[in-house]
Amino acid sequence: MTISIGSATPATKDPGGSRSRRGTDLIVKSNLLLVFIALCVVATLLAPQFLTGRNIANLLQQSSLTGIVAIGMTMVVLTAGIDLSVGSVAAFGGMTVALLMGSDVHFVPAILLSVAVGALFGALMGGLSAYLSLPSFMTTLAGLTAIRGLTYLLTDGKPAGGGGSEAFQLLGGGFIGYVPIIGIVFVVITILAALVLRGTTFGEYVYAVGSNKEAARLSGLPVRGVITAVFAVSGALAALAGVLLTSRLTVGQPTAFSGLELDAIAAVVLGGTNLFGGRGGVFGTFVAVLLLSVLRNLCNLLGLGSFFQMVVTGLILLVALILNMLIERRGARA
């Protein structure tokens with residue numbers, strides 16, 4: 001008879017599977033956090049200017065946009081989906097808020113409308129995937145191209161707007177002390193997403209759908225609705241990232257966020273979320289976003305080129321995938 005460590009109950013009565021999964025998630029996140037701390041120490045030793053307040057603030061500001069999008073991507077991946085359209089949706093959201101404010105719309109309703117449009121795009125692609133049984137990869141790939149085209153059509157490929165109220169500009173470019181406001185937004189969104197995933201019925205549905213979609217359907221869970229909802233969240237957060245970039249640059253750029261989807265997926269994978277769904281969380285993604293930002297920041301401080309950064313980032317992702325696979329197999333045998 002198999003005995004579970006730390007429990008006196010028989011294996012048949014012990015929810016070993018769920019404990020093993022939680023243990024696996026904890027190991028992945030802990031390992032990632034240790035790597036992040038070690039990287040920060042190395043960065044401090046190699047580049048003393050790394051720990052300056054200005055550089056830390058710049059690092060957090062640069063990582064927050066990708067991080068906000070990666071949080072939405074995490075929820076999609078937890079349902080065993082993928083969203084390749086986030087870069088295009090982010091660019092559309094940034095252009096939309098710039099055009100609305102350029103038409104004398106107050107920045108608050110302009111932001112809400114832009115985020116709502118992003119949520120609508122996400123819900124449309126998620127709904128097509130869920131209700132028509134289309135692969136989310138292909139659905140969002142089509143969205144990536146179509147929505148980017150719509151973004152260019154808004155202003156014939158030219159930047160839009162300019163300026164905006166001072167309050168709007170503070171959202172993307174303001175600071176509270178040394179802490180960028182956009183960084184606070186990133187942290188708040190991460191905490192809210194974690195609370196939703198771990199403390200609500202909807203969060204339980206997300207994990208259940210990702211673990212076994214057919215079993216969730218047979219159990220009476222609203223599988224299609226859950227999938228549509230997480231894509232809507234992903235679209236809304238992508239559009240919010242676009243709004244924040246427009247706030248920071250004071251102008252909407254139709255070419256912005258090219259390749260954002262790859263950075264977001266990289267952070268999700270590095271953060272320990274299973275690409276096949278059902279396992280992972282946003283805190284791992286949060287740490288992974290910061291880790292990748294520190295790595296790129298260190299390369300910049302050392303004067304290393306972008307090509308070198310791409311090679312190093314790719315190798316780190318490959319190692320992370322291998323480690324996560326080994327940890328998952330070990331957890332399955334436990």
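How many helices and strands does the protein chain have? There are 13 helices and two strands. Before I go on, please keep in mind that this is a predicted model.

Some overall figures. The protein chain has 334 residues, and 48% of them count as buried. About 16,000 Å² of the chain is exposed, with carbon and sulfur atoms supplying 69% of that area. Now the contacts between residues at least 6 apart in sequence: 78% of these join residues at least 24 apart.

The rest of my time goes to aromatic rings. A pair of aromatic rings is described by the distance of the centres and the angle of the planes. Searching the whole structure gives three aromatic pairs. I will take you through F92 with F121, and then F107 with F168.

For F92 and F121, the ring centres are 5.1 Å apart and the planes stand at 85 degrees; the cut-off for edge-to-face is over 60, so this pair is edge-to-face. On the chain, F92 sits in helix α3, residues 86-102, while F121 belongs to helix α4, residues 107-131. The two are 29 residues apart, and the pair links distant parts of the chain. Both F92 and F121 are buried.

Next, F107 and F168. Their centres are 6.2 Å apart with 50 degrees between the planes, and this aromatic pair is tilted. F107 is in helix α4 and F168 is in helix α6, residues 166-173, so the pair ties together parts 61 residues apart in sequence.

Are these two rings' residues buried or exposed? Buried means under 20% relative accessible area. F107 has 19%, so F107 is buried. F168 is at 0% relative accessibility and therefore counts as buried as well.

Definitions and conventions: Residues numbered from 1 in each chain as written. Predicted model: local features only at pLDDT ≥ 70, side-chain atom pairs only at ≥ 80, totals over all residues. Heavy atoms only, no water. Phe/Tyr/Trp six-rings, centres within 6.5 Å; stacked < 30°, edge-to-face > 60°. Helix = DSSP H or I, 4+ residues; strand = E, 2+ residues; numbered from the N terminus. Buried < 20%, exposed > 50% of the residue type's maximum accessible area, 1.4 Å probe, protein only. Contact = heavy atoms within 4.5 Å. Areas by Shrake-Rupley, 256 points an atom, 1.4 Å probe, with all protein chains shown as cover.
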